[in-house]
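Trainee: I should be grateful for a close look at a single part of this structure. Please begin with one residue and its surroundings, and then place that part within the whole chain.

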Amino acid sequence: MNWSSKGIALRTLAATGALALLQACGGGDSGDGGTVVTATPTPSPTPTATPTPTPAPTATTPAEIVAQYFTIDLDSPDNYANPSLPAYYDNTVNGDDNAPGPISNAVATLGRVLFYDTALSVNDMVSCASCHQQALGFDDNEALSTGFDGGRTAAHAMRLGNVRYYQPGTMFWDKRASSVEDQATQPIQNPVEMGWDDGAGGIDALITKMNGIEYYPVLFDFAFGSSTITETRMQTALAQFERAMISSDSRWDRAYAQVFSANAPNRNLDLTFPGFTASENLGKRLFLNGRNNGGAGCAACHRPPTFALTANSRSNGLDAGEATVFKSPSLKNVGLSQFFMHDGRFTSLAQVIDHYDSGIQNGPALDNRLRQGNGPQRLNLSAADKQALIDFLETLTDTSLTTDPRFSDPFIQ
């Protein structure tokens, strides 16, 4: 018996009892002409069927699949290919560009996902962005970064802004990678960093994992025209995303844009910059001018406007007898860094300036521009000069790059 039938039976039983009660009390045919009242059962209301929920539509198009995971719009990808750059980012800068070809919005979009995806580590714990944090100019806030299983990396993470403007394009502090592409997947296969070494199955095991992740075949097809995932394609996508990280909107950039002239002597770099303090302008002169012209000669290796390292630079004499030729990243956003040099040994810009002033050690890899006679240079800067250089370096902070949504985490939080 269902609950509706039970309701009807209960109401019928109640009506029969009421009739017997009326008859017993003279309410029935009593011989005095009284009318017998008969109770009629009230019919049960028709039960209302519970509506069946309409299932959510299954994502079928690439844009719908991607929209389940990311803030990315495949129908209108972000602009990585044609950024708006200041006039002084001209042929003098383009000659330092290490990109093998133009950047594709679709390929760089894939690179953004790869850069932020912890699934690229063997235990889903770290991504490229774990060690290259946007808010820090794509630097790390640890001297040595933490790998997927808690181990420490062998070197400090490098800032990535203006990575494209270093020729010949060799990467890592010790230049062991031949290009940004070659560098891109080495941390993934490192046994400390992301864990896909030979013991874990290498890059092939990672690709098998990625093929099982719904969005990757879709994104590779979006970027390259087929869903095939290869290491070369991963390298290309990551490299294009990283090369798109151009820093051109620091206080230094905005001030220089006001005085720049392509035809002026030294392109007006030596003019007093508007909006700079006296100390910042002094620091600029010290940075740009050579030692024989009253400066510290910094720009001989860290060349404006990108402040990336010149192609022929050698080591900076961190240790006596140093034989490895180290490189460095662009100085853009150096003021956001908390650790400096390949091993993160310095913890302030003041320590960095002190090194170049009086701490350089001699060795076979030392850059000739840091030599003085038979030994390393000694600048003998005053306290005011040192502070001026620090103040100038702070003007290279580019918060546009550190907050640009194109370079932020694309995953839906």
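Mentor: What follows begins with one loop residue and then turns to the chain and its helices.

The model is predicted, and for that reason local features need pLDDT of at least 70 and side-chain atom pairs count only at pLDDT 80 or more, while totals for chains, interfaces and linings use all residues. Residues are numbered from 1 along each chain as its sequence is written, and side-chain values use heavy atoms, with hydrogens and water left out.

The residue to examine is Asn-162, found in the loop between helix 5 (128–131) and helix 6 (180–184). Helices here are DSSP runs of H or I with at least four residues, strands are runs of E with at least two, and both are numbered from the N terminus. Is Asn-162 buried or exposed? Asn-162 counts as buried because its relative accessibility is 1%; buried means under 20% relative accessible area, exposed means over 50%, and partly exposed lies in between, with a 1.4 Å probe and protein chains only.

The side chain of Asn-162 comes to 2.8 Å from the backbone nitrogen of Ser-247. This can be read beside the term polar contact (a pair of N or O atoms within 3.5 Å; within protein, one must be able to donate a hydrogen and the other to accept it, and residues adjacent in sequence count only if both atoms are side-chain atoms). Ser-247 also appears among the contacts of Asn-162 once neighbours within four places in sequence are left aside; contact means heavy atoms within 4.5 Å. The other partners in that set are Tyr-89, Met-245, Ile-246, Thr-306, Ala-308, Ser-330 and Lys-332.

The backbone of this loop deserves attention as well. Most residues other than glycine have a negative phi, and most peptide bonds are trans. Asn-162, although not a glycine, has a positive phi of about 65 degrees. Phe-138 lies in the loop between helix 5 and helix 6, and its phi is positive too, near 65 degrees. Phe-138 is counted as buried because its relative accessibility is 0%. Pro-168 also has its place in that loop, and a cis peptide bond with omega of about 10 degrees joins Gln-167 to Pro-168. A cis bond is likewise found between Pro-304 and Pro-305, with omega of about 10 degrees; Pro-305 sits in the loop between strand 1 (302–303) and strand 2 (308–309).

Now consider the chain as a whole. It has 15 helices and four strands. Of its 413 residues, 46% count as buried. Its accessible surface is about 19,500 Å², with 53% belonging to carbon and sulfur atoms; such areas come from the Shrake-Rupley method with a 1.4 Å probe, and for residues only the protein chains shown count as cover. Among contacts with a separation of 6 or more, 64% join residues 24 or more positions apart.

The packing of the helices completes the picture. Two packed helices are described by the angle between their axes and the distance between the axes. Axes are lines fitted to C-alpha atoms, for helices over the stretch in contact, and angles run from 0 to 180 degrees between N-to-C directions. Helix 4 (residues 105–116) packs against helix 9 (residues 215–224) at about 150 degrees, with axes 7 Å apart. That angle makes helix 4 roughly antiparallel to helix 9; angles under 35 degrees count as roughly parallel, over 145 as roughly antiparallel, 65 to 115 as roughly perpendicular, and the rest as oblique. The crossing of helix 4 and helix 9 is left-handed, a term for the near helix being turned anticlockwise from the far one by less than a right angle, whereas clockwise gives a right-handed crossing. Helix 4 also packs against helix 10 (residues 231–243), at about 95 degrees and with axes 7 Å apart, and the two are therefore roughly perpendicular. Residues making this contact include Gly-111 of helix 4 and Phe-241 of helix 10.

Helix 13 (residues 349–359) and helix 14 (residues 383–394) pack at about 125 degrees, with axes 10 Å apart. Helix 13 is thus oblique to helix 14, and their crossing is right-handed. Among the residues in contact are Ile-353 of helix 13 and Leu-389 of helix 14.
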